[in-house]
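Reader: Could you take me through one helix-to-helix contact in this model, residue by residue, and then set that contact against the chain as a whole?

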Amino acid sequence: MPPTLASVVRNSSLHLTLLAGADHLERPVRWVHTSELDDPTPFLEGGELLLTTGIKLGKSAARLQAYVHRLADAGVIGLGLGVGLSHTEVPQPLVDAAAQRGLPLIRVPEATPFIAISKSVSAALAAEQYEAVTTSFEAQEELTRAALGKDGTTAVVRKLAARLGGWAALYDGSGALSAVAPDWAARRAGRLAAEVDRLRRRPAPSSAALQGRSPGIDTADEDYVVVQSLGADRRARGFLAVGTEDRITPTERYVLNAAVALLTLTLERSRELRQAEERMGAALLGMVLAGEVATARQVAAGLFGGLPEGTVRVLVAGAAPAVEATEALGELADRAEQAGGRVGERLLVSREDGPHGPRLTVLALDNGAAHRACLGAVEEHEGLALGVSAPCALEDAGVASAQAERALAVALRGGRRSVDHEEVGTGSLLPLLGEEAVTAFAEGLLRPLRDHDRTSRGDLVASLRAWLSRHGQWDAAAADLGVHRHTLRYRMRRVEELLGRSLDDTDVRMELWLALRAGEE
């Protein structure tokens, strides 16, 4: 702690006498300044103990009062008047004005040179700085040993809380609480979810400071809270929050910064290692999707701890062409891996750039933590969409991947955040096709019939629709149209003549039905 006015006044070698402001002696002295100016405030920064002989002050009560007000307004924390030169004693109006403003006023005897007071404070400031450096290095060594130990990040959080005399909490990249110390602080740390979420949307590193009932802290506790994102490449890998009774000191700030650096290094790991892990995971996923599950199991057993067991799903995320999705897909991958890691759930992830833009493929347990994390994350990013396969065995992941791709196509075309394969399987084929392509196809195929209906008798388009909807049953279709079945047979022969196609061909019937349905969409 820096020296205070109380420690300066109590220094018996200086023979100082306090005349006013006894209730404000705990203010820290940042510097000692000597000035004989009537207005020294342009040369002050605040926090100074000002020493003067008062040669320019005179004895006017008004001038002395104005002088005290100027000093107090400038942040001066104490005034020392040297007697024996300009003033034989401290003027009473000066004492009264200092008492009124709560400015400690000190009588400096003629035998005490100002330089002695300056040296005393300078020595105390130097001792404080030495203590801060020593304490900071000790704390850094302690935190480093904790980071290298078995508990890793949890041990760093525990040591940091003890060093600050408060509490500390670590959150993962998704904002979920992963470590807290002491245990009683879990509820306080949990109340910071909104603030952590705000930081998660900003590039790392970023921070926020909160006091008492500030937004983000729904509590009556008057803790001073600092929240810091952890990350070196603009994407936060985690978040650190600390709470203390008072604002943290410069020394404590150094300790906090050391913890942030260590936790960032631990969470980031080396870029080369992360890239190697991603490439290996993508390779394993490629083997699984290609049907080489047995080989993938052998490789994963030694490197990844095995493949997902049980019923799985394939999820494919992407974005519309105009949306920059690379960073969002990276965050989605992180969220899935962190969610799975918290519960020991295995998953495989692959990121690649394809003809339709960047894609993220995740193979995860059906309705597991990673599956749910992907569904939640995609809702937070405008323009991002997710296709989800049907549940399947690992051996059928290749088929599931195709299902997820089709579901993603439907989601992107419909402007939806996520589409499940079951929705595609029970719906229409039309959403899977481009709107312009379907329209052009329908107009081209049916144009001869529509041209006929505009210029000749016989509604060929309506007759064709009724006949196809009745699966070629003449009597039922004729009844729907209110015509004789011979009339309907004649119309269908005209359809074949105009189109140049046989209605006995199943493919032709399918194309005509698709064209008719497209006209109804």
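Author: On the α2 side, the residues that meet α3 are Ala-61, Leu-64, Gln-65, Tyr-67, Val-68, His-69, Ala-72 and Asp-73, and their partners on α3 are Pro-93, Leu-94, Ala-97, Ala-98, Gln-100 and Arg-101. Sorted by class, this contact of α2 with α3 is made up of 9 nonpolar, 3 polar and 2 charged residues. All of this is read from a predicted model, and the same holds for the geometry that follows.

Two packed helices are described by the angle between their axes together with the distance between those axes. Here, helix α2 covers residues 61-73 and helix α3 covers residues 92-101; their axes come within 9 Å and cross at roughly 35°, and the crossing is right-handed.

As for the setting, the protein chain holds 19 helices and 15 strands, α2 and α3 being named among its helices. Its radius of gyration is 39 Å, whereas a compact globule of 521 residues would have one near 24 Å, and the C-alpha trace spans about 135 × 60 × 35 Å along the principal axes of the chain. Of the 521 residues, 44% are buried, while the chain exposes about 26300 Å², with carbon and sulfur atoms supplying 52% of that area. Finally, when contacts between residues at least 6 apart in sequence are considered across the chain, 62% of them join residues at least 24 apart.

Note on methods
Residues numbered from 1 in each chain as written. Predicted model: local features only at pLDDT ≥ 70, side-chain atom pairs only at ≥ 80, totals over all residues. Heavy atoms only, no water. Axes fitted to C-alpha atoms, helices over the stretch in contact; angles between N-to-C directions. Helix = DSSP H or I, 4+ residues; strand = E, 2+ residues; numbered from the N terminus. Left-handed = near helix turned anticlockwise from the far one by under 90°. Contact = heavy atoms within 4.5 Å. Nonpolar A, V, L, I, M, F, W, Y, C, P; charged D, E, K, R; others polar. Rg over C-alpha atoms; globule rule 2.2 N^0.38 Å. Buried < 20%, exposed > 50% of the residue type's maximum accessible area, 1.4 Å probe, protein only. Areas by Shrake-Rupley, 256 points an atom, 1.4 Å probe, with all protein chains shown as cover.
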